[in-house]
Amino acid sequence: MNEKKLDFLLKEIAQDNRDAFETLYRETKKGVYAFLYPYFGNRYDTEDCMQTAFLKIKQSAHAYRAGTNPSAWMLQIAKNAALDEKRKRKRVVYTDIPPSAPAETAEDSGVFEALQRALESEERQIVILHVLWGYKHREIANFLNLPVGTVTSKYKRAVGKIKKYMKENRA
């Protein structure tokens, strides 16, 4: 979703437009889920946190400054929700539950599985921020507090890992 549309939807949500919130949720849920998954490592906690993040986005929409970076604003809320949740509870790691994302096609499921199984957490975040959210490597570097060269090399390495995983696991 482009930044102008996100900006518009957030302004509408601040005016209590339910349709705008539904549109925002529908069009950004996969990206938010994928962004949050590395914090929890399991589907259930990730989905809980995602719902909390969207509630906070809805409740805080009035504080969003129009014309700024709406996706960064949303991801910061999601990140804060994840960190709050991790601090709040000493959660149990569920190692026997396979990760899954809200996917609509088999291809989505395959790509998401490749992201989860083939990549390290930081590589996964870089790919998600670049591919799903459209951030440039420079912006990702600022967001994750890494050098731009590191982000670029990790992204290229991650893409190679995903391609290799997808090739080896075609059925």
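1. Let's start at the tail of this predicted model. Asn169 sits in the segment after α8. With a relative accessible area of 43%, Asn169 is partly exposed, because that value falls between the 20% limit for buried and the 50% limit for exposed. Its C-alpha lies 9.1 Å from that of Ala114, although 55 residues separate Asn169 and Ala114 in sequence.

2. Now for the overall layout. The protein chain holds eight helices and zero strands, so the pattern along the sequence reads α-α-α-α-α-α-α-α. Of its 171 residues, 39% count as buried. If you look at contacts with a separation of 6 or more, residues 24 or more positions apart account for 68% of them.

3. The core deserves a good look. Which residues touch the most other members of the largest nonpolar core? They are Leu24, Leu36 and Trp133, out of 50 residues in that core. Two or more residues are given to this core by each of α1 (3-14), α2 (18-40), α3 (43-60), α4 (70-88), α5 (106-118), α6, α7 (137-144) and α8 (148-168). The largest share, 11 residues, comes from α2. As background, nonpolar side chains tend to be buried together in soluble globular proteins.

4. Trp133 is a handy place to centre your view. Leaving out residues up to four places away in sequence, Trp133 touches Leu6, Thr28, Gly31, Val32, Ser71, Met74, Leu75 and Ile128. Two of these partners, Thr28 and Leu75, are taken up in the next points.

5. Thr28 belongs to helix α2. Is Thr28 buried or exposed? Its relative accessibility is 4%, so Thr28 counts as buried, the limit being under 20%. Beyond its neighbours within four places in sequence, Thr28 is in contact with Leu6, Phe54, Met74 and Trp133. Leu6, Met74 and Trp133 deserve a second glance here, since Trp133 itself touches Leu6 and Met74. Another threonine of α2 is Thr23, which counts as buried at 17% relative accessibility. The C-alpha atoms of Thr23 and Leu9 are 7.9 Å apart, with the two positions 14 residues apart along the chain.

6. Leu75 is in helix α4 and is buried, with a relative accessible area of 0%. Setting aside neighbours within four places in sequence, its contacts are Phe35, Leu129, Trp133, Tyr135 and Phe143. Leu75 and Ile57 are 18 residues apart in sequence, and their C-alpha atoms are 9.6 Å apart in space.

7. The pairing of α1 with α4 is next. Their axes come within 8 Å and cross at roughly 60 degrees. On the α1 side the contact is made by Glu3, Leu6, Asp7 and Leu10, and on the α4 side by Pro70, Ser71, Trp73 and Met74. These residues divide into five nonpolar, one polar and two charged.

8. Helix α6 covers residues 121-132, which makes 12 residues. From first C-alpha to last it reaches 16 Å, close to the 16 Å expected at 1.5 Å a residue. Glu123, Arg124, Gln125, Ile126, Val127, Ile128 and Leu129 are buried in α6, so you will find charged side chains in that list as well as nonpolar ones. Gly134 follows α6, and its phi is positive, near 80 degrees.

9. How are α6 and α8 arranged relative to each other? Their axes come within 9 Å and cross at roughly 95 degrees. The two helices are therefore roughly perpendicular, as that angle falls in the 65 to 115 degree range. From α6 the contact uses Glu122, Glu123, Ile126, Val127, His130 and Val131, and from α8 it uses Val151, Lys154, Tyr155, Arg157, Ala158, Lys161 and Ile162. The residues of this contact divide into seven nonpolar, one polar and five charged.

10. Finally, two backbone angles to check. Most residues other than glycine have a negative phi. Asp16, which is not a glycine, has a positive phi near 70 degrees. It lies in the loop between α1 and α2 and is exposed, with a relative accessible area of 60%. Asn145, also not a glycine, has a positive phi of about 55 degrees. Asn145 is placed in the loop between α7 and α8 and counts as exposed at 71% relative accessibility.

How values were computed: Residues are numbered from 1 along each chain as its sequence is written. Side-chain values use heavy atoms; hydrogens and water are left out. Helices (H or I, at least four residues) and strands (E, at least two) are DSSP runs, numbered from the N terminus. The expected span of a helix is 1.5 Å times one less than its number of residues. Buried means under 20% relative accessible area, exposed over 50%, partly exposed in between (1.4 Å probe, protein chains only). A nonpolar core is a set of buried Ala, Val, Leu, Ile, Met, Phe, Trp, Tyr and Cys residues joined through side-chain atoms within 4.5 Å. Contact means heavy atoms within 4.5 Å. Axes are lines fitted to C-alpha atoms, for helices over the stretch in contact, and angles run from 0 to 180 degrees between N-to-C directions. Angles under 35 degrees count as roughly parallel, over 145 as roughly antiparallel, 65 to 115 as roughly perpendicular and the rest as oblique.
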